[in-house]
Amino acid sequence: MEVFTGKIMEFPEIAVDYFIRCGNCFTFFLSHCHTDHIKGLDSVEFRKHLINGCKIYCTAETKSLVTKRSKLTYLNEHIIILKLNEQYTIHTSTTECISVTLFDANHCPGSAMFLFQKPGAASLYTGDFRLSDAHYDILNSTRNIKIDSLYLDTTFFAPKVSFFKEFPTRLQSEETLIDFYF
């Protein structure tokens, strides 16, 4: 996430998993509640965006995890929950709107991929994801959509994270998360 600035080239009116140097963006999407994806949510700059009415879109599980963090509870009223596999129309300004569909990223509880669409453009943002058989159904469901850009999280391509000799299973990750919060 260090290189990605949250901007989707075809959709300059939104930001994804990036809440630092927001510019005039007032529509934000959060793929999941890991620290490398929520940087800036507690920043002074982002709080100014909240005062001006910005919204954050994510899954119910991600909202719950974000607002359980003591310094982020104030975000509760600014987060709008979107369900997986449903297409939504989101107004990104008084004159612009986009379509977004969330798909299960199979990474951690609440994680989602975003398919953004508007006339003449479509982009898929994966965030962190674990490919599974279910993703083939997702790919088939989007077969008739021309994807102009694909944004992949490539954290594990970086040499500095090569210390992961054995990546935890999804079940181990869920158990650790449950132990931490409950």
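**Figure 1. Glutamine 117, a buried residue of strand S7.** In this predicted model, glutamine 117 has a relative accessible area of 16%, so this residue counts as buried. Glutamine 117 is placed in strand S7. Leaving aside residues up to four places away in sequence, the neighbours that glutamine 117 touches are Phe11, Gln87, Ile98, Ser99, Ala122 and Ile145. When you look for these partners, keep in mind that strand S6 covers residues 97-104 and strand S5 covers 87-91.

**Figure 2. The open sheet that runs S5-S6-S7-S8-S9.** Five strands make up this open sheet, and their pairing is mixed. As a reminder, strands of a sheet pair through backbone hydrogen bonds, either parallel or antiparallel. At the edges you will find S5 and S9, each of which pairs on one side only. Going from one strand to the next, the twist averages 20 degrees. S5 and S6 run antiparallel and are joined by five bridges. A handy place to see this pairing is histidine 91, which stands opposite cysteine 97 in S6.

**Figure 3. Proline 119, an exposed residue in the loop between S7 and S8.** Once strand S7 (residues 112-118) is in view, proline 119 can be found in the loop that leads to strand S8 (121-127). Proline 119 counts as exposed because its relative accessibility is 81%. Isoleucine 98 makes a useful landmark here: 21 residues separate it from proline 119 in sequence, and the C-alpha to C-alpha distance is 8.6 Å. Isoleucine 98 is also one of the residues that glutamine 117 touches.

**Figure 4. A salt bridge between glutamate 13 and lysine 118.** The chain has three salt bridges, and this view shows one of them, with 3.7 Å from N to O. The two partners come from distant parts of the chain, 105 residues apart. Glutamate 13 sits in the segment before strand S1 (14-16), while lysine 118 belongs to strand S7. Are the two side chains buried or exposed? Glutamate 13 is buried because its relative accessible area is 14%, under the 20% cut-off. Lysine 118 has 22% relative accessibility, so this residue counts as partly exposed.

**Figure 5. A salt bridge between lysine 71 and aspartate 42.** Here the N to O distance is 3.0 Å. Lysine 71 lies in the loop between helix H2 (60-68) and strand S4 (79-81), and aspartate 42 lies in the loop between strand S2 (27-29) and helix H1 (44-51), so the salt bridge ties together parts that are 29 residues apart in sequence. Lysine 71 counts as exposed because its relative accessibility is 55%. Aspartate 42 has a relative accessible area of 33%, so this residue is partly exposed.

**Figure 6. A salt bridge between aspartate 148 and lysine 146.** The side chains of aspartate 148 and lysine 146 meet with 2.5 Å from N to O. Aspartate 148 is partly exposed because its relative accessible area is 32%. Lysine 146 has 63% relative accessibility and so counts as exposed.

**Figure 7. A nonpolar patch on the surface.** Which residues make this patch? They are Phe129, Leu131, Tyr136, Leu139, Ile147, Leu150 and Leu152, and together they give a patch of about 660 Å². The elements that contribute two or more residues are helix H3 (133-141) and strand S9 (149-152). Leucine 139 is a good one to pick out, as its place is in helix H3. With a relative accessible area of 47%, leucine 139 is partly exposed. For orientation, S9 is also an edge strand of the open sheet.

**Figure 8. The chain that holds these close-ups, with four helices and nine strands.** Follow the elements from the N terminus and you will meet them as β-β-α-β-α-β-β-β-β-β-α-β-α. The chain has 182 residues, of which 44% count as buried. Its accessible surface is about 10500 Å², with 57% belonging to carbon and sulfur atoms. Among contacts between residues at least 6 apart in sequence, 54% join residues at least 24 apart.

Definitions and conventions. Residues are numbered from 1 along each chain as its sequence is written. This is a predicted model: local features need pLDDT of at least 70, side-chain atom pairs count only at pLDDT 80 or more; totals for chains, interfaces and linings use all residues. Side-chain values use heavy atoms; hydrogens and water are left out. Buried means under 20% relative accessible area, exposed over 50%, partly exposed in between (1.4 Å probe, protein chains only). Contact means heavy atoms within 4.5 Å. Accessible areas come from the Shrake-Rupley method with a 1.4 Å probe; for residues, only the protein chains shown count as cover. Patches are made of residues with over 30% relative accessible area and no salt bridge: like charges are joined within 9 Å, nonpolar side chains (Val, Leu, Ile, Met, Phe, Trp, Tyr) within 5 Å. A salt bridge is a side-chain nitrogen of Lys or Arg within 4 Å of a carboxyl oxygen of Asp or Glu. Two strands pair if DSSP finds at least two bridges between them. Axes are lines fitted to C-alpha atoms, for helices over the stretch in contact, and angles run from 0 to 180 degrees between N-to-C directions.
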